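I opened a fresh notebook page and looked through a protein chain step by step. Here is what I wrote down, in the order I looked things up.

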Amino acid sequence: AWTTDEAATSRVEYGTTTAYGSSTPEDGALVTDHAVALSALEPETTYHYRVHSVDAAGNAAVSPDETFATAPAPDVTAPAVAITAPASGETVSGLVDIAAGASDDTAVTAVVFAVDGATIATDTAAPYTATWDSDAAALGLHSITATAHDAAGNEGVDAVTVTVLRDEKSLLARCTTKRTIRKDPKKTAM
């Protein structure tokens, strides 16, 4: 945007060098407050520009060369994530160690682990891991997901399906039974 001391037209020459190469069409409205939108600009690029204004009498004015820089392109790339343990199709019981690898073009801010859609852990630093107590889950198929997040709000997801199955050994290892044998004082041995 720029101002002129007399009502005048508006036009901008612009480009990546002082040779400019692009120009907006001249806006013939005679105004003192000027604003012209530039289009098709590349992200993270320095541009040169100069403004042109012509008043009603045909007097032309051209500004000296100026520069501006465009903002970086928005991050639209989702992080890549892969569950490395357990393997899809694996049968599990007890405490299950879950691991995932994740990467991003900028940085992974967190990996959220879920079982059947319910979050069980969030890890903010590699290696990304969680532990799931599968003995608290029903027998059968369960979906484990790892969702990697980046600072721009992009998400990448990987999922595996496991089967929870308990055998006698795992059940006995997790159960503690106390038995007390008492003598009945009314009964006596003969």
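The entries below go from the whole chain to its strands, its cores and one loop residue.

**Entry 1: the whole chain**

I began by noting that this is a predicted model. I looked up the confidence next: the chain averages a pLDDT of 91, and 87% of the residues score at least 70. Then I asked myself where pLDDT stays under 50. I found that stretch at residues 176–181, and the model has zero contacts there beyond four places in sequence. My reminder to myself is that where pLDDT is low, the predicted coordinates should not be read in detail.

I looked up the secondary structure and found one helix and 14 strands in the chain. Of the 190 residues, 29% count as buried. The accessible surface of the chain comes to about 12,100 Å², and carbon and sulfur atoms hold 53% of that. I also checked how far apart in sequence the contacts reach. Taking contacts between residues at least 6 apart in sequence, 59% join residues at least 24 apart.

**Entry 2: strand S1 and its partners**

Which strands pair with S1 in the antiparallel sense? I went through them one by one. Strand S1 covers residues 2–15, and four bridges join it to strand S3, residues 27–34, with the two running antiparallel. In that pair I saw Ala 8 standing opposite Val 31. S1 also pairs with strand S4, residues 46–54, over five bridges in the antiparallel sense. There I found Tyr 14 opposite Tyr 49.

Strand S2 is made of residues 22–23, and it pairs with S1 over two bridges, again antiparallel. Glu 13 stands opposite Ser 23 in this pair. S1 and S2 form a hairpin with six residues between the strands, and in that hairpin Tyr 20 takes a positive phi near 60°.

**Entry 3: an open sheet**

Next I followed a sheet of three strands. It is open, its order is S7-S9-S12, and the pairing is antiparallel. The edge strands are S7 (80–85) and S12 (128–133), each pairing on one side only. On average, neighbouring strands of this sheet are turned by 25° against each other, direction ignored. I looked more closely at S9, residues 95–103, and counted six bridges joining it to S12. One bridge partner I noted was Asp 133 in S12, across from Leu 95.

**Entry 4: the cores**

How many residues does the largest nonpolar core have? I found 20, and those with the most contacts inside it include Ile 98, Phe 113 and Trp 132. S7, S9, S10 (108–115), S12, S13 (140–150) and S14 (155–164) each supply at least two residues of this core. S10 gives the most, with four residues. I picked Ile 98 and listed what it touches beyond four places in sequence: among them are Ala 85, Pro 86, Phe 113, Trp 132 and Ile 144. Apart from this core lies another one of five residues, including Trp 2, Val 12, Tyr 14 and Val 51.

**Entry 5: a loop residue**

I ended with Asn 59, in the loop between S4 and strand S5 (60–62). Why does Asn 59 count as partly exposed? Its relative accessibility is 48%, and partly exposed is the class between under 20% for buried and over 50% for exposed. Not counting residues up to four places away in sequence, Asn 59 touches Ser 53 and Val 54. Asn 59 and Ala 8 are 51 residues apart along the chain, and their C-alpha atoms are separated by 9.0 Å.

Methods: Residues are numbered from 1 along each chain as its sequence is written. This is a predicted model: local features need pLDDT of at least 70, side-chain atom pairs count only at pLDDT 80 or more; totals for chains, interfaces and linings use all residues. Side-chain values use heavy atoms; hydrogens and water are left out. Two strands pair if DSSP finds at least two bridges between them. pLDDT is the predictor's confidence in each residue, from 0 to 100. Contact means heavy atoms within 4.5 Å. Buried means under 20% relative accessible area, exposed over 50%, partly exposed in between (1.4 Å probe, protein chains only). Accessible areas come from the Shrake-Rupley method with a 1.4 Å probe; for residues, only the protein chains shown count as cover. Axes are lines fitted to C-alpha atoms, for helices over the stretch in contact, and angles run from 0 to 180 degrees between N-to-C directions. A nonpolar core is a set of buried Ala, Val, Leu, Ile, Met, Phe, Trp, Tyr and Cys residues joined through side-chain atoms within 4.5 Å.
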